[in-house]
Amino acid sequence: MVEKKNIFEIRDFSVYYGDLMAVKNNNLVIEKNKITAIIGPSGCGKSTLLRSLNRMNDLILSSRVEGKILFHGVDIYDRDTDVIELRRRVGMVFQKPNPFPSSVYENVAYGPKIRGIKKKSQLDEIVENALVRADIWKEVKDKLDESGLSLSGGQMQRLCIARSLAQEPEVLLFDEPTSALDPISTANIENLLQELQKTVTIVIVTHNMQQAARISDYTVFMYLGELIEFGDTDTIFVNPQNKLTEEYITGRFG
Amino acid sequence: MAIFDEELRALKERVLKLGSMVETAIHDSVRSLVERDSDLAREVIRKDHQINALDVEIDEECTRLIALRQPKARDLRFITTAMKITTDLERIGDLAENVAERAIELNEESQLKPYIDIPRMAEIAQEMVRDSLDAFVKGYTKMPYEIIKRDDEVDKLNVQVFNELLFYMIQDPNTISRAARISYVSKYLERIADHATNIAEMVIYMCKGKMIRHTEIQGNE
């Protein structure tokens, strides 16, 4: 039997916002170099769970967690976790493209510079490499000095992906990365994610069920903070085992 | 989503309509043989065009629903099942047409023997079609297994008919052209039961998401 490489193991994990339990006792594994999609109605806790994977929720003051999230076997909620390093290894791309108000080049070089890389030739290489991997190099190579905000929505989103890739992450978390984009840009991003999957593990939250069906290997369905069903995307969309999952994906929910 | 539910209901009704047309074709084709009624046989042949047309219509509707509604889970399984079922129904229609063609030929000569097993086969095959469509519409999960078992009975009758006809042919070569035709009819009916079996198997897939085609059924579940 081939050993499955689980990059994350989520164990009895809960998140509270004040008294509200947003994520309830979730158990889940995230497999390396796979795309795992999290679907569910608004308020089901999917974004909270996603943000827990690189401790973005720490930024919300009232939040606290129970249980464990093991990243390569080590609990990221341990007291001595280097959260900055964790977020470098587990990057994030958001719903609305949010480039820094600086040049295309600076957007991508920002992270490596913070990490202490100063040599121009080395930075050039990192920037080009990241832009190539994000499939936007051809479009921006002649305007690296122009503002990142001058690009189209789809280009900005790929720039943000390049910015994350420059940090050489092992995992990329995507929170509704195409909900602000047109269908062509969406298709570009989806193709990009499938390409990136070869080198990066991807977890994506999406409201677009067809998107989950198109690109993910595994699908997680959440409802009211609970993890209702987790399985191969094929199974979830053809023959889900849970009635709630079935009702949700066939649009007969509630 | 209410529109989609309505479309699924309409699709179901069309499949049922096709099913009832096909059942009538089986029944009438065999009756045209037993009662030596060639006009009825010609009617079966003429009506096969309607079956073909409805088959095409259902296929187009399924394709449209897949494109426009992106069905998932049980909706997806229902639509793909409807597509496959109609192919089987259309083929059953063709076989009934073939029975009618042989009936016309046989009716032109004197009757070789009384038809006993042939109507029995037709009756079982027709029941199999009706029950499998009933299971399809109502989502019955047990009934398809019962239907699949009945196929063995039809297979046995087919062998029995053939052996009997062989006996006639050996005894008297003058019977060969009639006996061969009756043997065809028997084979057509046996094929109809096979198609009904396919439908029952697809219903199991639709209900459970489990393909049992080309596997041996063990027990009842």
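**Exercise 1. Find out which residues A:Gln167 touches, leaving out those up to four places away in sequence, and whether A:Gln167 is buried or exposed.**

Step 1: Look around the residue. Not counting residues up to four places away in sequence, A:Gln167 is in contact with A:Arg88, A:Gly111, A:Pro112 and A:Arg115; contact means heavy atoms within 4.5 Å.

Step 2: Pick out the polar link. The side chains of A:Gln167 and A:Arg115 share a polar contact of 3.0 Å. That term stands for a pair of N or O atoms within 3.5 Å; within protein, one must be able to donate a hydrogen and the other to accept it, and residues adjacent in sequence count only if both atoms are side-chain atoms.

Step 3: Check the burial. A:Gln167 counts as buried because its relative accessible area is 19% (buried is under 20%, exposed over 50%, partly exposed in between, with a 1.4 Å probe and protein chains only).

Before going on, a word on the model: it's predicted, so local features need pLDDT of at least 70, side-chain atom pairs count only at pLDDT 80 or more, and totals for chains, interfaces and linings use all residues. Residues are numbered from 1 along each chain as its sequence is written, chains are lettered from A and ligands numbered from 1 in the order in which they are written, and side-chain values use heavy atoms, with hydrogens and water left out.

**Exercise 2. Place A:Glu168 and A:Arg55, and give their phi values.**

Step 1: A:Glu168 sits in the loop between α6 (153–165) and β7 (171–175) of chain A. Helices (H or I, at least four residues) and strands (E, at least two) are DSSP runs, numbered from the N terminus.

Step 2: Phi of A:Glu168 is near 50 degrees, a positive value in a residue other than glycine.

Step 3: For A:Arg55, go to the loop between α1 (46–52) and β4 (63–71) of chain A. Its phi is positive too, near 60 degrees, and A:Arg55 is buried, at 13% relative accessibility.

**Exercise 3. How many residues does each chain bring to the contact, and how many salt bridges cross the interface?**

Step 1: Chain A brings 11 residues and chain B brings 14 residues.

Step 2: Two salt bridges turn up across the interface of chain A and chain B (a side-chain nitrogen of Lys or Arg within 4 Å of a carboxyl oxygen of Asp or Glu). One salt bridge joins A:Arg252 and B:Asp5, at 2.6 Å, N to O.

Step 3: For the predictor's own scores, the complex gets an ipTM of 0.71 and a pTM of 0.82.
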